[in-house]
Amino acid sequence: MTRPGFHGRAGFGARPALIVVDVNVGFTDPASPLVCNLDDVVESIGRLLGEARRAEIPIVYTTVSFTEGDKRTAAAFIDKVPALLTLEAGSRWVEIDPRIAPEPSEPVLNKLFASAFFGTALSSLLAAAGCDSLIVTGASTSGCVRATVVDALQHGYRPVVPREAVGDRNPAAHEANLFDIDAKYGDVVSVEEVVEHLVELAGARA
């Protein structure tokens, strides 16, 4: 059910970037206490990465990792979610899932909290690249994806969320947050729609 005056369309903007939020091994490996079921999400992100690279738009990854000093900085977050201690700096858990590994030129930003903007260089990176919109993928929909979308909007970017390229531990939370994002913060669209747009961008460059 939608209400009048909500669920408008902000669009892709003229210069999008693609961000892959926290698809590190600690969130994709079933042996991790933080695991989400992301196999289909990883496949969709891989497809988007291929098209984004052909279109030559900026691509950014995030991961979460904690040094001993970081654990003090993020103490309240860790007290709330003790499983975050799995993400020890330098461990395999903080590495990007090898199925969608970044190219050498694609930055991987480390964060301690939910939003990809908070405490990172993401905003400066997007500004330097002349971006006006952000295609947000990754996990989890109800946590770091939503926080990144809200902050993207608040930093003046137009967020776009490809539905099949984000995932969550809780299907109900996933759907509720996609509804809420689409109502107020960003455009929730199909992967197919994003692929079509990226193909158009690649064609325009050619």
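Colleague: Before we start, what counts as a helix or a strand here?

Modeller: Helices are DSSP runs of H or I with at least four residues, strands are runs of E with at least two, and both are numbered from the N terminus. Please note that this is a predicted model.

Colleague: Understood. Which element gives the most to the lining of the second largest pocket?

Modeller: That is α2, with three residues. At least two lining residues each come from α2 (39–55), β6 (166–167) and α7 (171–184).

Colleague: Which residues line the second largest pocket?

Modeller: From the earlier part of the chain there are Asn-37, Asp-39, Asp-40 and Val-41. The others are Arg-163, Glu-164, Val-166, Gly-167, Asp-168, Pro-171 and His-174.

Colleague: How does that lining divide by class, and what is the volume?

Modeller: Five of the lining residues are charged, three are polar and three are nonpolar. The space in this pocket is about 170 Å³.

Colleague: And what volume does the largest pocket have?

Modeller: Its volume is about 280 Å³. The residues lining the largest pocket number 19, and those closest to its centre are Phe-27, Phe-77, Ser-140, Cys-144 and Arg-169.

Colleague: What is the class make-up of the largest pocket's lining?

Modeller: There are 13 nonpolar residues, with three polar and three charged ones. Helix α6 (residues 141–154) provides the largest share of this lining, namely three residues.

Colleague: You mentioned Ser-140. Where is Ser-140 found?

Modeller: Ser-140 sits in the loop between β4 (133–139) and α6. The peptide bond leading from Ala-139 into Ser-140 is cis, with omega near -15°. As background, most peptide bonds are trans, and most residues other than glycine have a negative phi.

Colleague: Then which residues have a positive phi without being glycine?

Modeller: His-7 is one of them, with phi near 60°, and its place is in the segment before β1 (16–21). Glu-56 is another, with a phi of about 60°. Glu-56 lies in the loop between α2 and β2 (59–64).

Colleague: Let us turn to helix packing. At what angle do α2 and α8 pack?

Modeller: The angle between α2 and helix α8 (residues 191–205) is about 15°, and their axes are 8 Å apart. Angles under 35 degrees count as roughly parallel, and α2 and α8 are therefore roughly parallel to each other.

Colleague: Is their crossing left-handed or right-handed, and which residues meet?

Modeller: The crossing of α2 and α8 is left-handed. On the α2 side, the residues are Ser-44, Arg-47, Leu-48, Glu-51, Ala-52, Arg-54 and Ala-55. They meet residues of α8 that include Val-191, Val-195, Leu-198, Ala-202 and Arg-205. By class, this contact of α2 with α8 has ten nonpolar residues, five charged and one polar.

Colleague: How far apart are the axes of α6 and α7?

Modeller: Those axes are 10 Å apart, and the helices pack at an angle of about 10°. By the cut-off of 35 degrees, α6 and α7 are therefore roughly parallel to each other. From α6, the contact uses Thr-141, Ser-142, Arg-146, Val-149 and Leu-153. From α7, the partners are Ala-173, His-174, Asn-177, Leu-178, Asp-180, Ile-181 and Lys-184.

Colleague: And by class, how many residues of each kind does the contact of α6 with α7 have?

Modeller: This contact has five nonpolar, four polar and three charged residues. His-174 of α7, which belongs to this contact, also appears in the lining of the second largest pocket.

Methods. Residues numbered from 1 in each chain as written. Predicted model: local features only at pLDDT ≥ 70, side-chain atom pairs only at ≥ 80, totals over all residues. Heavy atoms only, no water. 1 Å grid on protein atoms, 1.4 Å probe; cavity = no way out; pocket = protein on both sides within 12 Å on 5 of 7 lines; lining within 4 Å. Points joined across faces, edges and corners; volume = space filled by probe spheres on them. Nonpolar A, V, L, I, M, F, W, Y, C, P; charged D, E, K, R; others polar. Axes fitted to C-alpha atoms, helices over the stretch in contact; angles between N-to-C directions. Parallel < 35°, antiparallel > 145°, perpendicular 65-115°, else oblique. Left-handed = near helix turned anticlockwise from the far one by under 90°. Contact = heavy atoms within 4.5 Å.
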